[in-house]
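Biologist: I would like to learn how to read a protein model one feature at a time. Could we go through the one on the screen together?

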Amino acid sequence: MKAIILAAILLTVSLAPDNVRQVARQVADWQMSHLHEVPAAPETDWTRATFYIGLARWAATAGQEKDFDAIRRLGEPTGWQLGNSDWAPPIYLADDHAIGQVYIAAYDRFGDRRMIAPTVKRLDYILRHPPQVSLAFDGAQCLQRWCWSDALFMAPATWFGIARIQEDRRFRDYADREFWATKDFLFDRTEHLFYRDSRFIGKTGVHGEKIFWCRGNGWVLAGLVNILRELREGDPLREKYTDLLVEMADRIAGLQRPDGFWSTSLLAPSADGTPESSCTGMMVYGLAAGVRIGRLDAARFGPAIARGWQALAAATVDGRLGRVQQIGDGPDAVGIGDTQFYGSGALLLAASELVQ
């Protein structure tokens, strides 16, 4: 009994707003001071965009003006342009649209239309020239659409944000149509989880389990929260996105490891699974948002949220978040010292919900 009481006290302390703010501030500052450790990564690529998405949400929640100044310093030299990858169709690639969420946050803060004008132009072009390709993953053509689960974090919230600002349903309707096409293609209705892409459908792990990548599902869960933030109260679209968040949350909470992390392969036995931070940050973000909007029960999901945050805090040393799986497309090895921009962004997203 004493051990249970002590554990409850420790979890409560770890979620105290001041403690959450301290960890988040350290992570934001550390990552900002290490932006150029990967010089090959463009300033507007998806890895940095995910960090800045987290930073923007954290700044708005915590009233951190200096973080919005950092976002302005990102946008001005790049002319507020979206990403421009050279390995896939750059106009359509969801990864390149992720930075648009950062520009939308900057516009909401500063009201300067220069910050979103290139994004509006790019998305309007796509509306006039919609891609006509299959969602079956081929590593090239299908990337013109949202044929992999990560894309549901990268692009839809940008489209819904522009629809809100422009008051133009065309952007909203396109994003809604494409999101549910991807969901119907990649969602396993028995497991209530997303395959990363069609290559994983029918594949099994070493224990015979289906392969559901943790970060792939984390991308979707966090993406749902970001979509809901862009949809106004009373919008008839809100219900189905909320319902999907609840359906995934019910499954995801039951897959948490005893140490508070989620494993890179969600259905792998905990003893053989690999704990991972970027996925855990997104799971905490999604679950906490579900509680905040009143669709997830705090008594049931609160302990999972608290354990997840405690795991993230424990993996952070002087602002450097470890246990972040490197860039990939499925479960892989993770080192205790591995870090990445998107891991820091996921932690900041989680912190932004917890301090509310």
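Biologist: Which residues does tryptophan 146 touch, leaving out those up to four places away in sequence?

Modeller: This is a predicted model. As a general idea, nonpolar side chains tend to be buried together in soluble globular proteins. Here, the contacts of Trp146 include Ala94, Leu135, Ala151, Leu152 and Ala155. Among the others are Pro156, Trp159, Phe179 and Thr182. Trp146 belongs to the largest nonpolar core, which has 120 residues.

Biologist: Which members of the largest nonpolar core touch the most other members?

Modeller: They are Trp146, Trp159, Phe179, Tyr241, Met248, Trp262 and Trp309. Two of these names, Trp159 and Phe179, also appear among the contacts of Trp146.

Biologist: How far is phenylalanine 179 from alanine 16, in sequence and in space?

Modeller: They are 163 residues apart in sequence, and their C-alpha atoms are 36 Å apart in space. Alanine 16 sits in the loop between helix H1 (2–14) and helix H2 (17–32). Its relative accessible area is 26%, so alanine 16 is partly exposed.

Biologist: Next, disulfides. How many does a search of the whole structure find?

Modeller: A disulfide is a covalent bond between the sulfur atoms of two cysteines. The search finds two in this structure. One joins cysteine 142 and cysteine 147, with 2.1 Å between the sulfur atoms. The angle about its S-S bond is 50 degrees, and the link is right-handed.

Biologist: Is cysteine 142 buried or exposed?

Modeller: Buried means under 20% relative accessible area. Cysteine 142 has 1%, so it is buried. Cysteine 147 also counts as buried, at 1% relative accessibility.

Biologist: Which cysteines form a disulfide with sulfur atoms 1.5 Å apart?

Modeller: Those are cysteine 214 and cysteine 279. Cysteine 214 lies in helix H11 and cysteine 279 in helix H13 (residues 277–292), so the pair ties together parts that are 65 residues apart in sequence. Cysteine 214 is buried, with 0% relative accessibility, and cysteine 279 is buried at 0% as well. With the bonded cysteines numbered in sequence order, the pairing reads 1-2, 3-4.

Biologist: Now backbone angles. Which sign of phi do most residues other than glycine have?

Modeller: Most residues other than glycine have a negative phi. Glutamate 167 is not a glycine, yet its phi is positive, at about 55 degrees. Glutamate 167 lies in the loop between H9 and helix H10 (169–186), and it counts as exposed at 69% relative accessibility. Aspartate 318 also has a positive phi, near 55 degrees. Its place is the loop between strand E5 (316–317) and strand E6 (320–321). Aspartate 318 is exposed, with a relative accessible area of 69%.

Biologist: Last, pockets. What is the volume of the second largest pocket, and how do I read its lining?

Modeller: Its volume is about 330 Å³. For the lining, look at which residues take part and where they come from. There are 17 lining residues, and Arg57, Gln101, Ala105, Arg229 and Glu230 lie nearest the centre of the pocket. Helix H3 (46–62), helix H6 (99–110), helix H9 (156–166) and helix H11 (214–230) each give two or more residues to this lining.

Biologist: Which element gives the most to the lining of the second largest pocket?

Modeller: H6 gives the most, with five residues. By type, the lining of the second largest pocket has nine nonpolar, two polar and six charged residues.

Technical notes:
Residues are numbered from 1 along each chain as its sequence is written. This is a predicted model: local features need pLDDT of at least 70, side-chain atom pairs count only at pLDDT 80 or more; totals for chains, interfaces and linings use all residues. Side-chain values use heavy atoms; hydrogens and water are left out. On a 1 Å grid over the protein atoms alone, a cavity is a set of points where a 1.4 Å probe fits but cannot get out, and a pocket is an open set with protein on both sides within 12 Å along at least five of seven lines; lining residues have an atom within 4 Å of a point. Grid points are joined across faces, edges and corners, and a volume is the space filled by probe spheres set on the points. Helices (H or I, at least four residues) and strands (E, at least two) are DSSP runs, numbered from the N terminus. Ala, Val, Leu, Ile, Met, Phe, Trp, Tyr, Cys and Pro count as nonpolar, Asp, Glu, Lys and Arg as charged, and the others, Gly among them, as polar. A nonpolar core is a set of buried Ala, Val, Leu, Ile, Met, Phe, Trp, Tyr and Cys residues joined through side-chain atoms within 4.5 Å. Buried means under 20% relative accessible area, exposed over 50%, partly exposed in between (1.4 Å probe, protein chains only). Contact means heavy atoms within 4.5 Å. A disulfide is a pair of cysteine sulfur atoms within 2.5 Å.
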